[in-house]
Amino acid sequence: MALVFRAVAQLAGILLSLLGWVLSCLTNYLPQWKNLNLDLNEMENWTMGLWQTCVIQEEVGWQCKDFDSFLALPAELRISRVLMFLSNGLGFLGLLVSGLGLDCLRIGETQQDVKKRLLILGGVLSWTAGIAALVPVSWVAHVTVQEFWDETLSEVVPRWEFGDALFIGWFAGFFLLLGGCLLSWAACGTRAPLASGHYAVVETGHHRVHPEMKTTHL
């Protein structure tokens, strides 16, 4: 039963980590980190991401423009770019490392200690990728809330609000954290199954003992 739970935990961990990594990649490139609705022109909406701003008009459609300068961006957007790239890279590396440590993979099945370390390392990398995704998303959300309730600004000035990419980023970070925890728990919390070659050695040794015992008895 313990082996079944171990296999299920590994499968769930790798799938959650994969889903979190895909969502973190989408969060990095989606331009809907912030939304701005103009009261004067309800047919025009603005969105802002880490790489570009877009305007959505009913007649024209989407029109996007990349940011001209990295240094001209606010601090939260500059650091968010770095952290999201870090999350994407660590998430991919965590999937690769933990995949090599899965019990269902026959490569290196006689080296269970190595596979255990790979599984733990992959879980830690996925967990770190989740933190790297949650920090920029939460930071941008915090700044957006502060600017929205800034009393020094006139009520006529439009305010930025949460975009869909922020919610996707929160789900991405949560899935990466949960997947990393499951992978680490599967490696540390349950005993690894013996390799098939080890079973053969034990069984051969077991058959060799009985003839010797019978001879001594006689």
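**Notebook: the disulfide and the helix packing**

I went for the sulfurs right away: Cys 54 and Cys 64 form a disulfide, with 2.0 Å between their sulfur atoms. Note to self: this is a predicted model. I then ran the search over the whole structure, and it turned up one disulfide.

Next I looked up where the two cysteines sit. Cys 54 is in strand 3 (residues 52-57) and Cys 64 is in strand 4 (residues 61-66), so the link ties together parts that are 10 residues apart in sequence. I also checked the torsion: the link of Cys 54 and Cys 64 has 105 degrees about the S-S bond and is right-handed.

Then accessibility. Are Cys 54 and Cys 64 buried or exposed? Cys 54 has 0% relative accessibility, so I put it down as buried. Cys 64 comes out at 42%, so I wrote it down as partly exposed. While I was at it I looked up Cys 181, which is partly exposed with a relative accessible area of 41%.

**Whole chain**

I stepped back to the secondary structure. The chain has five helices and five strands. Going along the sequence, I read the pattern as α-β-β-β-β-α-α-β-α-α.

How much of the chain is buried? Of the 218 residues, 36% are buried. For the surface I got about 13200 Å² exposed by the chain, with carbon and sulfur atoms supplying 68% of that. I checked contacts too: among those with a separation of 6 or more, 66% are between residues 24 or more positions apart.

**Helix pairs**

Two packed helices are described by the angle between their axes and the distance between the axes. I looked those up for two pairs.

Helix 2 (residues 75-100) against helix 3 was my starting pair: the axes are 7 Å apart and the packing angle is about 160 degrees. The cut-off for roughly antiparallel is over 145 degrees, and helix 2 and helix 3 are therefore roughly antiparallel to each other. For handedness, I noted that helix 2 passes helix 3 in a left-handed crossing.

Which way does helix 3 run relative to helix 4? The axes of helix 3 (residues 112-148) and helix 4 (residues 164-188) come within 7 Å and cross at roughly 160 degrees. That makes helix 3 roughly antiparallel to helix 4. I logged the crossing of helix 3 past helix 4 as left-handed.

Note on methods. Residues are numbered from 1 along each chain as its sequence is written. This is a predicted model: local features need pLDDT of at least 70, side-chain atom pairs count only at pLDDT 80 or more; totals for chains, interfaces and linings use all residues. Side-chain values use heavy atoms; hydrogens and water are left out. A disulfide is a pair of cysteine sulfur atoms within 2.5 Å. Helices (H or I, at least four residues) and strands (E, at least two) are DSSP runs, numbered from the N terminus. Buried means under 20% relative accessible area, exposed over 50%, partly exposed in between (1.4 Å probe, protein chains only). Contact means heavy atoms within 4.5 Å. Accessible areas come from the Shrake-Rupley method with a 1.4 Å probe; for residues, only the protein chains shown count as cover. Axes are lines fitted to C-alpha atoms, for helices over the stretch in contact, and angles run from 0 to 180 degrees between N-to-C directions. Angles under 35 degrees count as roughly parallel, over 145 as roughly antiparallel, 65 to 115 as roughly perpendicular and the rest as oblique. A crossing is left-handed if the near helix is turned anticlockwise from the far one by less than a right angle, and right-handed if clockwise.
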